[in-house]
Amino acid sequence: MPPALLPTPEAFGNLAGMLVGKRLKTTRGTPLAVPNIRGVATYVDAAGVLSFIAVTDVAFIAAVGAALAMIPLPVVTEAIRTGKPSEALVENAYEVLNVAASLFNEIEGATVHVKVGRLSVGPIDAELAKRLVKPSARADMDIGIPGYPDGKISFVAVNKG
Amino acid sequence: MRIYVVDDENVTAKLIASILVGAGHEVEIFADGQAAWEAYEAAPVPLVVTDWMMPRMSGVQLCTKIRSMYGAPYTNVILVTSLSLAEHTADAFKAGTDDILGKPVDPDVLLRRVAVTERGLLAQAEHVLRKNLELCQSTFGAEHVALLESLEALAEVSRRQRSYVRCRAFVRRQLSIAKESFGAGDARTVRLQADLDELALIEERL
């Protein structure tokens with residue numbers, strides 16, 4: 001099976017920046033430590049098979065979710081402080097991650113169709129955490145949105161072998 | 001988008017207008033620059049598509065007038081002409097023309113240029129509305145009606161830009177403010193919930 005192509009920081013930054021209407025600063029980052037994972041989005045293929053996982057810290061959910069609807073900074077800092085982003089922030093972040101599914105759809109010239117299943121907030125499920133250990137590919141990014149704190153996101157291609 | 005089409009040749013004016021109306025624009029036709037200018041002074045529009053050579057006031061003169069109007073929002077002017085472009089473009093651009101199209105007008109080319117204009121105008125509108133929202137947020141409490149109106153305007157711009165994800169985010173935020181401020185049964189809250197449902201249906205159809 002050819003290696004999965006994951007979005008580059010530039011590609012994800014351009015897409016998310018277009019959605020939130022701001023120029024994002026995106027750079028390659030380091031993998032998120034499991035205790036710092038607060039958002040988990042799963043992407044399934046047309047057959048419903050888990051293909052990709054996106055894991056984020058709480059700052060990513062809060063900042064991206066806020067930027068999409070121009071929610072003020074204090075709401076974001078409070079979400080980061082408590083570790084509990086509001087429903088609106090989570091729904092907005094979900095929308096961005098849903099659109100990001102389009103970035104997975106090219107694998108070595110072949111097209112696959114993935115869609116985001118859900119975005120759950122909280123610690124990562126133990127079974128899913130195991131899938132992060134030996135992925136077929138991963139892309140770790142630091143995301144800076146002007147006016148909001150920086151967040152982290154990692155896209156992981158699930159090893160189906 | 002509201003557009004003035006100005007041409008002393010009735011057939012050409014109607015042809016251009018039908019292309020624009022077919023693309024969903026609201027068009028008014030004028031037979032010369034003077035008539036268009038009188039209408040523009042009373043009600044400026046974001047786009048004027050005008051012939052160059054006309055009695056009473058030419059397209060270039062109309063453009064000069066439009067550019068001299070202090071305080072009006074920016075209007076894009078597309079000049080349509082059968083004159084040799086190379087000789088005259090400098091005069092037209094000097095007068096403030098944004099674009100020049102040759103006659104006969106190619107519908108696809110015209111609509112592409114109009115789309116460019118629309119994108120630019122929407123970007124300008126969004127910039128102003130974002131500033132307005134920031135001002136509302138820093139000046140008023142979240143319950144203030146001005147905040148809802150500001151978000152509504154941004155949602156409308158996003159809808160016209162076909163950025164439904166952003167549009168839904170703005171409506172969702174309005175909904176949460178309306179729920180908190182007016183209650184779930186308030187007419188404004190109910191309308192916003194209906195908007196959100198309608199947007200979800202639009203997205204499903206896309």
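This report covers the fold of chain B, its helix packing, some backbone details and the contact with chain A in a predicted model.

**Overall architecture**

Chain B holds eight helices and five strands. Along the sequence they run β-α-β-α-β-α-β-α-β-α-α-α-α. The C-alpha atoms of the chain fill a box of roughly 60 × 40 × 25 Å along the principal axes. Chain B has 206 residues, and 33% of them count as buried. Take the contacts in chain B between residues at least 6 apart in sequence: 53% of these join residues at least 24 apart.

**Helix α5**

Helix α5 of chain B spans residues 107–139, which is 33 residues. From first C-alpha to last, α5(B) reaches 47 Å. The expected value at 1.5 Å a residue is 48 Å, so the two are close, given that the expected span is 1.5 Å times one less than the number of residues.

Which residues of α5(B) are buried? They are B:L110, B:V114, B:T117, B:E118, B:L129 and B:L133. These buried residues pack against two helices, α1 (10–22) and α6, and against the strands β3 (47–51), β4 (76–81) and β5 (99–102) of chain B.

**The α6–α7 pair**

Helix α6 of chain B covers residues 145–160, and helix α7 of chain B covers residues 164–182. Their axes come within 8 Å and cross at roughly 160 degrees. Angles over 145 degrees count as roughly antiparallel, and α6(B) and α7(B) are therefore roughly antiparallel to each other. The crossing of α6(B) and α7(B) is left-handed.

On the α6(B) side, the contact uses B:L147, B:L148, B:L151, B:E152, B:L154, B:A155, B:S158 and B:R159. On the α7(B) side stand B:R166, B:C167, B:F170, B:V171, B:R173, B:Q174, B:I177 and B:A178. The residues of this contact divide into ten nonpolar, two polar and four charged.

**Backbone details**

Most residues other than glycine have a negative phi, and most peptide bonds are trans. Three spots in chain B deserve a look on that score.

A cis peptide bond joins B:K103 and B:P104, with omega about -5 degrees. B:P104 sits in the loop between β5 and α5 of chain B.

B:R56 is not a glycine, yet has a positive phi. The loop that holds B:R56 runs between β3 and α3 (59–68) of chain B. B:R162, also not a glycine, has a positive phi as well. B:R162 lies in the loop that links α6 and α7 of chain B.

Are these two residues buried or exposed? B:R56 has 14 C-beta neighbours inside 10 Å, so it counts as partly exposed. B:R162 has 10 C-beta neighbours inside 10 Å and therefore counts as exposed.

| Residue | Phi | C-beta neighbours inside 10 Å |
|---|---|---|
| B:R56 | about 65 degrees | 14 neighbours |
| B:R162 | about 60 degrees | 10 neighbours |

**Contact between the chains**

How many residues does each chain bring to the contact? Chain A gives twelve residues, and chain B gives twelve residues. On the side of chain A that touches chain B, α2 (58–69) and α4 (87–99) of chain A each supply at least two residues. The most comes from α4(A), with five residues. By type, the residues on this side of chain A split into eight nonpolar, two polar and two charged.

Definitions and conventions:
Residues numbered from 1 in each chain as written. Chains lettered and ligands numbered in written order. Predicted model: local features only at pLDDT ≥ 70, side-chain atom pairs only at ≥ 80, totals over all residues. Contact = placed C-beta atoms within 7 Å. Helix = DSSP H or I, 4+ residues; strand = E, 2+ residues; numbered from the N terminus. Nonpolar A, V, L, I, M, F, W, Y, C, P; charged D, E, K, R; others polar. Buried ≥ 20, exposed ≤ 12 C-beta atoms within 10 Å, placed from the backbone. Axes fitted to C-alpha atoms, helices over the stretch in contact; angles between N-to-C directions. Parallel < 35°, antiparallel > 145°, perpendicular 65-115°, else oblique. Left-handed = near helix turned anticlockwise from the far one by under 90°.
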